[in-house]
Amino acid sequence: MPKQTQIIHDMFQIKGGGERLVIAMCQGLDTDLLTAHIGPNTFDLSQINGDVINLDALSRIHGIKTWRLAKAFKNLKTEQNCYEQIIYSGVASPLAVHHFPTAKNIFYCHTPPRFVYDKKSYYADGFNPLKRMAFNLLVNWFKPQYEKAIKQMDVVLTNSHYVQARIKSTTGLDAAVIHPPCDTHRFKWIAQGDYYLSMARHDDLKRIDSIIKAFLKMPDKKLIIASGGGQTDALKRIAGNAKNISFTGWLNEAKMMSLLGNCLATIYVPLDEDFGMTPVESMSAGKPVICSNHGGLLETVIDGVTGYFVSSENLVNDIIQKVNLLSNNHQASLMRSACEERAGSFDTQLFLKKLKEFL
């Protein structure tokens, strides 16, 4: 028997916060799931009770991923009109909205597409002239369709007040904030280890290179860099043969939970982060966070109580200072209770309760 609600999510390529959110919605609302791609390094989707439809639309050709995703949703051919409610998650999935004229359409916007709006120049500057021309064609093709699609939504939700303001400034739409969920029963304190942990994807905007440079100046402090991404090789070159810095690569859920539950603290210093699930998961495990002092992180971490903020102006030295603060006088252990209490504000059940108010 078909479900009352279906969730349409761009793709499952990594083990990220957006993917965790969609799984939590599927489980908590007992929905079906439609996605354009399921990669080998993402979560196990067999835990979802409903039907999982994979359009398998992602091209292997570099540079046209967004176009292939958008076309897959825009030209959806499967019979999907039996659902009363559709929840869209991602950048390309809203382009499927015209297939569901009688459903209640709800868009959970993690962020307006950055390559279309505020980071268009950032991405364009990284291409050679030929790729830049193709990129501009993609933006000009995608932007009007995206804006038309999101204006057909009955409800727009988002993950933080920070992104809420971005949605308003770029699209003119008003969005309601429902912070992403954290399974506080899964992320647990195990022991107080002697190492710091980075769980961010290996992407230049995550600024893991600055974390490495800080620990190169602190050979007595241990750093473990988990997960993976396009910058892994470059990050390893920066770390060199430093004995206090190690890389794990992509890990399964059990190993990642063990690393988090046993660390001293986590470090998460992205640039312009929309929300950031890593700090919430860290706090749930009773581990304080050294994190950026801007973006959605200001809505989760409490400076001096559940972690410490660092500034972009003097990032490496600021990381060093905060690492030393947490290492001295059992400061990380003293923050455990406050971290766990703070994480409770983002518990999955609270998220689902708020979400159901819009269904």
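Trainee: Why is Thr42 called buried?

Mentor: Its relative accessible area is 8%. Buried means under 20% relative accessible area, exposed means over 50%, and partly exposed is what falls in between, using a 1.4 Å probe and protein chains only. Set 8% against that 20% limit, and Thr42 counts as buried. One caveat: this is a predicted model, where local features need pLDDT of at least 70, side-chain atom pairs count only at pLDDT 80 or more, and totals for chains, interfaces and linings use all residues. Numbering runs from 1 along each chain as its sequence is written, and side-chain values use heavy atoms, with hydrogens and water left out.

Trainee: What does the side chain of Thr42 reach?

Mentor: The backbone oxygen of Ile14, at 2.8 Å. A polar contact is a pair of N or O atoms within 3.5 Å; within protein, one must be able to donate a hydrogen and the other to accept it, and residues adjacent in sequence count only if both atoms are side-chain atoms. At 2.8 Å the pair is within the cut-off. Contact in general means heavy atoms within 4.5 Å, and Thr42 has it with Phe12, Gln13, Ile14, Lys15 and Glu19, leaving aside neighbours within four places in sequence. Thr42 itself sits in the loop between β2 (32-35) and β3 (52-54); helices (H or I, at least four residues) and strands (E, at least two) are DSSP runs, numbered from the N terminus.

Trainee: What makes the pair of Asn159 and Ser160 a polar contact?

Mentor: The contact runs from side chain to side chain, at 3.3 Å. Both atoms are side-chain atoms, so the rule for adjacent residues is met. A polar atom of the Asn159 side chain also lies 3.1 Å from the backbone oxygen of His110.

Trainee: Is Asn159 buried or exposed, and how do you know?

Mentor: Buried, because its relative accessible area is 4%, and the limit is under 20%. Asn159 is in the loop between β6 (155-158) and α5. Beyond four places in sequence, the residues Asn159 touches include Tyr108, Val177, His179, Asp274 and Phe275.

Trainee: Why is Gln152 called partly exposed?

Mentor: Its value is 37%, which falls between 20% and 50%, so the middle label applies. Gln152 is in the loop between α4 and β6, and touches Val97 and His98, not counting residues up to four places away. Gln152 and Pro101 are 51 residues apart in sequence, yet 9.1 Å apart in space, C-alpha to C-alpha.

Trainee: What makes α9 largely enclosed?

Mentor: Eight of its eight residues are buried, so the rest of the structure largely encloses α9. Met277, Pro279, Glu281 and Ser284 are among them. The cover includes α1, α8 (253-262), β11 (265-268), β12 (289-292) and α12 (336-343).

Trainee: How do you know how many cavities there are?

Mentor: On a 1 Å grid over the protein atoms alone, a cavity is a set of points where a 1.4 Å probe fits but cannot get out; a pocket is an open set with protein on both sides within 12 Å along at least five of seven lines, and lining residues have an atom within 4 Å of a point. Grid points are joined across faces, edges and corners, and a volume is the space filled by probe spheres set on the points. That gives two cavities of 30 Å³ or more. The largest has a volume of about 50 Å³, the second largest about 30 Å³.

Trainee: By what classes is the lining of the second largest cavity divided?

Mentor: Eight nonpolar, one polar and no charged residues. Ala, Val, Leu, Ile, Met, Phe, Trp, Tyr, Cys and Pro count as nonpolar, Asp, Glu, Lys and Arg as charged, and the others, Gly among them, as polar. The lining includes Phe107, Tyr146, Ile167 and Thr171; Thr is not on the nonpolar or charged list, so Thr171 counts as polar. The largest cavity's lining divides into four nonpolar, two polar and two charged.

Trainee: And the second largest pocket, what volume does it have?

Mentor: About 320 Å³. Of its 19 lining residues, the closest to the centre are Ala24, Gln27, Asp183, Arg186 and Thr348. Helix α1 gives the most to the lining, with five residues.
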